[in-house]
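Q: Please go through the terms used for this model one by one. For each, give the value, the cut-off and the conclusion.

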Amino acid sequence: MTDWEKLEVYDLGMIRNAAGRIASAIEELVELLTRLSEPRAQSATLQIQDSKGNKIMPATLTIGATATAVFQEWSGLNGTGAKLPPVGAVSFTSSDPAIATVDATSGLVTAVGPGTATITGTDAGNGLTASDVVSDTPLTAQSATLQITAN
């Protein structure tokens with residue numbers, strides 16, 4: 001093999017190696033452009049819903065009652081635009097677990113004492129948060145009966 005033939009084989013190997021690196025770079029660029037073209041959430045809302053999926057407005061629960069915190073992300077500001085799925089896992093917290101507890105994963109809210117607590121949801125993927133206030137009221141009598149017994 002002549003020096004010229006050795007040089008051609010060496011150059012061909014370098015060209016193949018460079019082509020492989022270029023192909024990998026193009027794949028990474030396409031993936032990045034795809035991610036950048038997807039809509040990004042600009043805001044989030046949190047609603048307290050009853051067991052039938054109805055929004056409770058205002059969110060007032062009787063002690064012992066439950067409801068669900070529903071976290072929703074939006075393409076626009078202040079809960080406007082298109083609905084978007086959360087980027088990461090959503091976790092829920094209560095500002096005062098002595099008033100209302102919330103399951104960190106499911107968002108199940110339970111009224112445990114009288115007062116007001118703030119339930120907050122946070123998307124771990126993008127850091128968006130949203131809150132709603134829950135007021136818990138003690139059970140109150142709705143009616144009464146009186147029975148008179150003769151002595």
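Q: What makes the arrangement S2-S9-S8-S5 an open sheet, and which strands stand at its edges?
A: The 4 strands lie in the order S2-S9-S8-S5 with mixed pairing. Two strands count as paired if DSSP finds at least two bridges between them. Strand S2 (60-62) and strand S5 (90-94) each have a single partner strand, so one side of each has no neighbour in the sheet. On average, neighbouring strands here are turned by 30 degrees against each other, direction ignored; the axes are lines fitted to C-alpha atoms, for helices over the stretch in contact, and angles run from 0 to 180 degrees between N-to-C directions.

Q: What kind of model is this, and how are its residues numbered?
A: The model is predicted: local features need pLDDT of at least 70, side-chain atom pairs count only at pLDDT 80 or more, and totals for chains, interfaces and linings use all residues. Residues are numbered from 1 along each chain as its sequence is written, and side-chain values use heavy atoms, with hydrogens and water left out.

Q: How do you know that S5 and S8 are paired?
A: S5 is joined to strand S8 (residues 115-123) by 5 bridges, and the criterion is at least two. The two strands run antiparallel. Within this pair, Val 90 has Asp 123 in S8 as its bridge partner.

Q: What is counted as a helix or a strand, and how many of each does the protein chain have?
A: Both are DSSP runs numbered from the N terminus: H or I over at least four residues for helices, E over at least two for strands. By that rule the protein chain has 1 helix and 9 strands, in the order α-β-β-β-β-β-β-β-β-β from the N terminus.

Q: Why is Gly 127 called partly exposed?
A: Buried means under 20% relative accessible area, exposed over 50%, and partly exposed in between (1.4 Å probe, protein chains only). Gly 127 has 47%, so the residue is partly exposed. Gly 127 lies in the loop between S8 and strand S9 (129-137).

Q: Which class does Asn 126 fall into, and what is in contact with Asn 126?
A: Asn 126, in the loop between S8 and S9, has 32% relative accessibility and therefore counts as partly exposed. Leaving aside neighbours within four places in sequence, Asn 126 is in contact (heavy atoms within 4.5 Å) with Ala 41, Glu 73 and Val 87.

Q: What makes Ile 22, Ile 26 and Val 30 a nonpolar surface patch?
A: Patch residues have over 30% relative accessible area and no salt bridge; nonpolar side chains (Val, Leu, Ile, Met, Phe, Trp, Tyr) are joined within 5 Å, like charges within 9 Å. A salt bridge is a side-chain nitrogen of Lys or Arg within 4 Å of a carboxyl oxygen of Asp or Glu. Val 30, in helix H1 (residues 3-37), has 48% and is therefore partly exposed. The patch covers about 280 Å², with areas from the Shrake-Rupley method, a 1.4 Å probe and, for residues, only the protein chains shown as cover.

Q: How do you know that the side chains of strand S7 (residues 108-111) alternate?
A: Val 109 and Ala 111 point to one face and are buried, while Leu 108 and Thr 110 point to the other and are not. S7 pairs antiparallel with strand S6 (residues 100-102) over 3 bridges, and Ala 100 stands opposite Ala 111.
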